[in-house]
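Please look over the sequence and the structure shown here before reading the report.

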Amino acid sequence: MSSVRAILACVGALAAGCAPAEPPGFDGPWSALHDVVADMYLVSNVNGQPLAKDGNGYISRVRPDGAMERHWLRSGVGGVMLHAPKGMAIHAGVLHVADIDGVRRFDAASGAPRGEIAIPGASFLDDLAVGPDGSVYVTDRGCDGAWAATGSDAIWRIAPDGVLTALAKGVALGQPSALVARPQGLYVASWRDGTFAQIDYRGVRTELATAPTALLAGLARVEDVSGVGWIAASRAGKCLYRFDAKGGVQRLPGAPIEAGDLALDAVRGRLLAPVFAADRLEVVSLPGAATGAGVPR
Ligand SMILES: [Ca+2]
C-alpha cells in the first residue's frame with residue numbers, strides 16, 4: 001500500500017467563531033478524532049506530563065485544510081476542566097474525553113461541559129470508543145508517570161445508563177492502549193506486548209497478531225483495495241504497522257514516526273497521527289481508503 005505523508009499545514013485561526021486569533025500549534029498532542037458532523041479534526045493536548053493533574057489541558061479543532069482553532073476547549077475557560085486529555089469519542093452529540101482517571105463529557109457542538117465519570121482505581125486512561133449499544137469503552141494502560149506497570153490494566157465500560165463495569169481486567173491484557181469498536185467487538189492494541197486482539201462484548205479476548213515491535217499507541221481501521229486492515233503506531237519501532245484480518249502484519253513505508261492515538265478521515269483517505277514529542281499532527285495519505293462520500297451536515 002502506498003502512503004504519502006505530510007505535516008498538516010496550520011495556516012491560522014478559524015475565521016469564524018474564534019477571536020482573538022491564536023498562533024497555531026499543539027502542546028503534547030495525544031489523540032486525534034475526525035468529527036464527521038462538523039468535519040473537523042479534534043486533537044487532544046496533554047500540555048505537560050501525561051499523568052499530571054495540572055489543569056492546563058486543551059482540545060484543538062483543525063479544519064481539513066489545516067486552519068485551526070488551537071484552544072477550542074481549554075481548561076479553566078467556560079467551566080471546562082482538563083488535566084491531560086487523551087482518547088476521544090463522539091456519540092449522540094456528546095464528546096467523551098479520557099483524562100487520567102475519569103471520562104469527561106462535553107456537548108460536541110458547543111463544547112459545553114456535560115459532566116464526568118470517575119473510574120476508581122484507574123491509573124492511565126488512554127483511548128475511548130463507543131460500542132453498538134452506546135456504551136463507552138475506555139482503556140487503562142496500567143502504568144504510572146514513570147511508565148512503570150501498575151497492574152491496573154483494564155477495559156472499562158460505561159453503559160448508556162451510566163453504570164460502570166470492567167469488560168476485561170488484568171495484566172494479561174498487556175497494557176491496552178488504543179481501541180476501535182466494531183459490531184462484533186472491540187479491537188485493541190497493547191502497549192507492553194505489541195499485541196492486536198479482539199475482545200467481544202462479553203469480555204472474551206482473542207489474540208489476533210503481534211507486531212514486530214511493541215509499545216503500540218494508536219489503532220485505526222481502514223478499508224481499501226487490499227481489504228480491511230488495521231493500522232497501528234509503534235513507539236518502539238517508530239513506525240506504522242498494518243495488520244490484516246488473517247493475522248498478517250507488515251510495516252508501512254515512510255520515514256520514522258513516533259505517532260500516538262491515530263484516527264481516520266475516511267472521506268479523504270487520511271490517517272491522522274499526533275506526534276506527542278514533536279507537537280505536531282502528521283497526515284498520512286491513504287488514497288485507496290478514501291470513500292469520497294459526502295460529509296453529513
Ligand atoms: Ca496537562
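The report below takes up a sheet, a nonpolar core and one residue in turn.

## The antiparallel sheet

In this predicted model, four strands make up an open sheet whose order is 18-19-20-21, with antiparallel pairing. Strand 18 (216-224) and strand 21 (249-251) lie at the edges, each of them pairing on one side only, and from one strand to the next the twist averages 25 degrees.

Within the sheet, strand 19 (residues 227-234) is joined to strand 20 (residues 239-244) by six bridges in the antiparallel sense. Trp-230 has Phe-243 of strand 20 as its bridge partner. As a general point, the strands of a sheet pair through backbone hydrogen bonds.

## The largest nonpolar core

The largest nonpolar core holds 85 residues, of which Tyr-137, Ala-232 and Leu-262 touch the most other members. Strand 18 gives the most to this core, contributing five residues.

When neighbours within four places in sequence are left aside, the contacts of Leu-262 include Gly-218, Leu-219 and Ala-220, as well as Ile-231 and Ala-233. Leu-262 is also in contact with Ala-32, and with Leu-271, Leu-272 and Ala-273.

## The surroundings of Val-188

Val-188 belongs to strand 15 (residues 185-190). The residue counts as buried because 28 other C-beta atoms lie within 10 Å, where the cut-off for a buried residue is 20 or more.

Residues up to four places away in sequence not being counted, Val-188 touches Thr-139, Ile-155, Pro-176, Leu-179, Ala-197 and Ile-199. Ala-38, by contrast, is 150 residues from Val-188 in sequence and 27 Å from Val-188 in space, taken from C-alpha to C-alpha.

Methods
Residues numbered from 1 in each chain as written. Predicted model: local features only at pLDDT ≥ 70, side-chain atom pairs only at ≥ 80, totals over all residues. Pairing = 2+ DSSP bridges. Helix = DSSP H or I, 4+ residues; strand = E, 2+ residues; numbered from the N terminus. Axes fitted to C-alpha atoms, helices over the stretch in contact; angles between N-to-C directions. Buried ≥ 20, exposed ≤ 12 C-beta atoms within 10 Å, placed from the backbone. Contact = placed C-beta atoms within 7 Å. Core = buried A, V, L, I, M, F, W, Y, C linked by C-beta atoms within 7 Å.
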